[in-house]
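Q: I'd like a close look at one small part of this model, please. Pick a single residue and walk me through what surrounds it.

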Amino acid sequence: MSLSLKMEIDTVEDVTCLNPELLQLPEVSPFALKTTPLLVDDLFSQWLSLPETGNLVKSLINDAKAGTAVNACANFSNVNAVGSNSLPSMFSSVNAPPLSPRSSSGSPRSSKQKSSPSALGSPLKLFSDPMQEVIPQFYFQNGRPPTKELKEQSLSKINHLFNNPLNGLLIDEFKTVTKEVCKLPSFLSSALFRKIDVDCVGIVTRDAFVTYWVDGNMLTMDVATQIFEILKRPGNRHLTQVDFRPILRELLATHPGLKFLQNTPEFQDRYAETVIYRIFYHMNRSGNGRLTCRELKRGELISAMQQADEEDDINKVLRYFSYEHFYVIYCKFWELDTDHDFFIDRENLIRYGNHALTYRIIDRIFSQAPRKFAGDVEGKMGYEDFVYFMLSEEDKSSEPSLEYWFKCIDLDGNGVLTPNEMQFFYEEQLHRMECLALEPVLFEDILCQIIDMIAPEREDCITLQDLKGSKLSGNVFNILFNLNKFMAFETRDPFLIRQEREDPTLTEWDRFAHREYIRLSMEEDVEDASNGSADVWDESLEAPF
């Protein structure tokens with residue numbers, strides 16, 4: 001009988017596996033049931049031979065044939081609910097301990113059996129519905145709204161600063177709001193004022209400021225995003241060079257370290273241009289003249305602006321704003337621009353650094369391989385292009401410089417430097433060494449030295465990534481086209497090595513600009529002494545200083 005019943009059960013497509021717990025056999029441990037399958041089969045056969053089990057199995061088969069829902073667990077529960085005597089144990093209960101009481105929390109298996117299977121595809125498969133986790137909003141298109149506490153603190157400061165009869169502030173009075181409420185550099189005050197005063201009435205009311213700064217969620221943005229939003233023009237998603245001019249004008253008008261330029265507005269403009277060119281040289285890595293918010297966050301401009309606002313000596317702000325750095329760049333350009341038309345050609349540039357560069361690298365620069373010239377004059381380089389060149393030439397450890405010179409050496413533009421390309425530029429270096437009666441170094445030896453310095457992934461070519469991963473990359477370019485620096489590298493000037501060790505935070509550009517500023521200052525002092533008086537001045541020459 002048990003065999004025929006088992007065959008009939010197999011015809012049902014969805015049947016639960018035998019759960020030993022349904023047999024209610026506390027006398028047998030689960031481990032024993034799992035390790036002795038023959039015992040389980042024997043117990044299952046005996047269980048099937050019971051009259052109650054036979055009736056239950058027949059009922060399930062009839063329900064399955066009739067097409068009604070088969071709920072074996074419910075039927076088992078009904079059988080068990082009648083009492084423990086309706087489904088007797090196979091073992092004698094004389095020496096058996098009583099069963100432990102089953103709480104509502106129970107074991108994981110008992111709780112799983114009590115869960116309702118009606119919501120699932122098969123009534124014999126029992127699963128619990130997963131808990132739905134509520135994910136808080138993490139993206140806000142117009143910025144994260146300020147918390148209640150932050151908003152109240154800000155409004156308290158705003159109410160205190162706007163406590164005047166006009167309930168508004170003029171542009172000269174607005175600097176306190178910029179510093180204390182917005183926590184921004186003071187020379188951003190005018191730009192922020194005009195951003196709020198869209199109707200150009202010359203006054204910013206409390207309500208207008210609260211609408212822009214608090215209700216506009218500017219309060220919760222990081223400093224870089226705040227400055228980006230203040231400077232960018234409506235409809236733009238980037239900053240251009242023009243957007244930085246208002247804050248440079250404000251800096252020149254208010255910074256104590258730049259007051260001496262107030263009587264020379266032409267040099268104020270040159271200083272502002274130089275600062276802007278340096279900013280875009282280092283931060284606008286795409287080179288398209290459009291500075292994104294991401295690029296602004298990656299650079300050091302924000303910290304440099306905060307330092308410039310706190311430091312009275314502008315020359316201590318080495319990043320972008322140092323007047324001494326501007327002085328060195330502008331004087332170098334003025335020396336090369338012999339006709340003072342504010343453009344220099346190939347013959348002018350070849351004189352840079354006491355004729356340190358080769359003609360071949362100068363030709364590559366004027367072919368606009370590293371960077372397209374900003375000016376429209378054929379065959380001439382403007383001041384902006386010279387700033388990019390000089391920063392690249394004097395600090396070959398920076399990434400913009402490596403990219404600049406890599407494009408010059410990469411003759412075919414395939415993204416790798418081959419030995420043939422490097423040899424093309426080194427040939428002129430070799431010829432110059434012979435003309436100067438210096439001991440020439442063969443290119444084969446130079447190539448081995450370059451490979452040892454860079455350690456590229458492939459020995460037959462060098463990629464830009466290889467150069468960025470080495471601290472000696474700048475020396476590779478000096479070997480190829482700058483004879484003076486090549487010789488200095490070979491002799492290893494101990495004075496320069498000691499300088500680098502004394503302050504490793506200074507860049508090659510910082511050290512160069514410091515040395516050049518001292519040299520130019522001494523030359524100017526000697527010139528003034530030779531003239532007998534500093535009052536001797538020929539305005540027709542339009543000397544820079």
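A: First, a bit of vocabulary: helices here are DSSP runs (H or I) of at least four residues, while strands (E) need at least two, and both are numbered from the N terminus. This is a predicted model, where local features need pLDDT of at least 70 and side-chain atom pairs count only at pLDDT 80 or more, though totals for chains, interfaces and linings use all residues. Residues are numbered from 1 along each chain as its sequence is written, and side-chain values use heavy atoms, leaving out hydrogens and water.

Now find lysine 396, in the loop between H19 and helix H20 (399–409). Its relative accessibility is 2%, so lysine 396 counts as buried (under 20% relative accessible area).

What does the side chain of lysine 396 do in there? It makes a polar contact with the side chain of asparagine 478 at 2.8 Å. Another one, of 3.0 Å, joins the side chains of lysine 396 and glutamate 393. (A polar contact is an N or O pair within 3.5 Å, one able to donate a hydrogen and the other to accept it.)

Leaving aside residues up to four places away in sequence, lysine 396 also touches (heavy atoms within 4.5 Å) a whole crowd: Ser401, Leu402, Trp405, Gly474, Phe477, Asn478, Phe481, Asn482, Lys485 and Glu508.

Step back to H19 (residues 383–394), which packs against helix H13 (residues 265–283) at about 55°, with the axes 10 Å apart. On the H19 side, Tyr383, Glu384, Val387, Tyr388, Leu391 and Ser392 make the contact. H13 brings Glu273, Thr274, Tyr277, Arg278, Phe280 and Tyr281 to that contact.

Methods. Axes fitted to C-alpha atoms, helices over the stretch in contact; angles between N-to-C directions. Buried < 20%, exposed > 50% of the residue type's maximum accessible area, 1.4 Å probe, protein only.
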